Amino acid sequence: MKKQKARQQKLTLVVVAAVIVLIGVIAALLAINQGNRATAYTPVERFSDIHGLAVDPASPDVLYVATHHGLIRGSKSSESWQWALVGNYRADFMGFSMHPNGKIFYASGHKVPDAPVMGVARSDDGGFSWKIIALRGKVDFHAMTLSRANPNRLYAWYYGDGKFYTSADGGYTWDSFKAQGLSAVLALAADPADEQTVWAATQTGLARSTDGGRSFELIAFDGTTVIAVAMDPSDRETLYVATETGAYKSTDGGQSWQGLGLADTVGYFAVAPRDSAIVYAATHRAALYRSPDGGTSWQLLKRGE
């Protein structure tokens with residue numbers, strides 16, 4: 001009886017010890033997970049070299065900023081804005097484009113951890129992790145856009161070979177060709193209602209294609225370098241462009257233009273999908289502006305570097 005009792009006591013001690021170890025392991029895993037969640041965003045106060053903008057479709061007060069040093073998320077709290085690096089992938093994000101669902105992002109660029117030039121990278125978790133899905137080491141798209149009319153359709157232009165690129169399967173495979181009437185592209189914007197229509201900001205003006213990028217026609221700013229172009233996601237007639245001398249808005253498909261009154265040279269625009277009256281602009285000095293009224297007035301969110 002004494003031996004049996006001793007064995008039971010020993011077994012009980014072993015079980016208790018195992019439970020304690022298990023609890024410790026679970027607690028450690030929880031701590032790690034909590035730490036990962038806590039460090040998923042790394043707060044920053046200053047950043048430079050902005051290469052793209054996108055507004056969260058769920059909130060017009062959440063802005064994603066593609067930079068030379070990674071992806072930054074800005075969010076409004078009360079009357080101030082907080083900025084934070086997203087995840088740990090510190091590439092130079094060019095051609096930054098957001099899927100209408102707000103979770104899938106695309107980017108090209110260079111200065112990446114796992115390729116000399118990125119090709120095309122995709123994130124399925126809001127920018128926390130990225131995977132190069134096509135053209136690794138072959139292209140560095142500075143101009144790329146996604147069609148809201150068909151989110152599997154992407155357009156890009158590569159300065160290295162002067163070719164226009166299209167993808168019909170979410171960026172996994174691409175066709176390329178010389179587009180008639182197109183050269184020296186600085187930015188692209190896809191029509192929100194027609195996947196075959198895409199606009200191009202070029203060094204010789206603003207051009208438009210209605211045949212999926214096969215040919216382009218000059219629409220406005222003939223002989224002027226157009227730096228940026230963006231479209232209202234809910235109104236295909238409304239466009240925003242920037243030249244070296246000013247920023248402009250059209251509400252009639254590019255036939256007429258009104259000045260926006262921004263003194264700095266704008267490099268990128270983004271229009272909020274949920275409320276298209278809210279427009280963001282990034283300048284070449286990495287200043288950020290927000291308009292609550294479709295570009296009539298502007299609030300400075302971040303000073304230039």
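**Entry 1: the cavity lining**

I began with the strands around the largest cavity: β2, β6 (92-98), β11 (143-146), β15 (185-190), β19 (226-232) and β23 (266-271) each supply at least two residues of its lining. A reminder to myself before going on: this is a predicted model.

Next I looked up the count, and there is one cavity of 30 Å³ or more. How much space lies in the largest cavity? I noted about 660 Å³.

I then went through the lining itself, which has 36 residues. Leu53, Phe96, Thr145, Ala230 and Phe269 are the ones that lie nearest the cavity centre. By character, I have the lining down as 26 nonpolar residues, eight polar and two charged.

**Entry 2: the pocket**

I turned to the largest pocket, which holds about 290 Å³ of space. Its lining is made of 17 residues, and nearest the centre I found Met94, His142, Leu186, Ile227 and Tyr268.

Which strands each supply at least two residues of this pocket's lining? My list reads β2, β15 and β23. These names were already on my page, since β2, β15 and β23 are among the strands that supply at least two residues each to the lining of the largest cavity.

For the pocket lining I wrote down ten nonpolar residues, six polar and one charged.

**Entry 3: strand β2**

With β2 turning up in both linings, I gave it a page of its own. Is β2 (residues 50-55) enclosed or open? Six of its six residues are buried, that is, under 20% relative accessible area, so I put β2 down as largely enclosed by the rest of the structure.

I followed the chain onward from there. A hairpin of six joining residues leads from β2 to β3. The two strands, with β3 covering residues 62-67, pair in the antiparallel sense over five bridges. Within this pairing I located Ala54 opposite Tyr64 of β3.

**Entry 4: the sheet that includes β19**

I came back to β19, one of the strands lining the largest cavity. It belongs to an open sheet of four strands, in the order β19-β20-β21-β22, and the pairing is antiparallel. Why is one side of β19 and one side of β22 (258-259) left without a neighbour in the sheet? Both stand at the edges, each with a single partner strand, so one side of each has no neighbour there.

At the β22 end, I checked the pairing with β21 (residues 247-250): it is antiparallel and runs over two bridges. Lys249 has Gln258 in β22 as its bridge partner, and with that I closed the page.

Technical notes:
Residues are numbered from 1 along each chain as its sequence is written. This is a predicted model: local features need pLDDT of at least 70, side-chain atom pairs count only at pLDDT 80 or more; totals for chains, interfaces and linings use all residues. Side-chain values use heavy atoms; hydrogens and water are left out. Buried means under 20% relative accessible area, exposed over 50%, partly exposed in between (1.4 Å probe, protein chains only). Two strands pair if DSSP finds at least two bridges between them. On a 1 Å grid over the protein atoms alone, a cavity is a set of points where a 1.4 Å probe fits but cannot get out, and a pocket is an open set with protein on both sides within 12 Å along at least five of seven lines; lining residues have an atom within 4 Å of a point. Grid points are joined across faces, edges and corners, and a volume is the space filled by probe spheres set on the points. Ala, Val, Leu, Ile, Met, Phe, Trp, Tyr, Cys and Pro count as nonpolar, Asp, Glu, Lys and Arg as charged, and the others, Gly among them, as polar.
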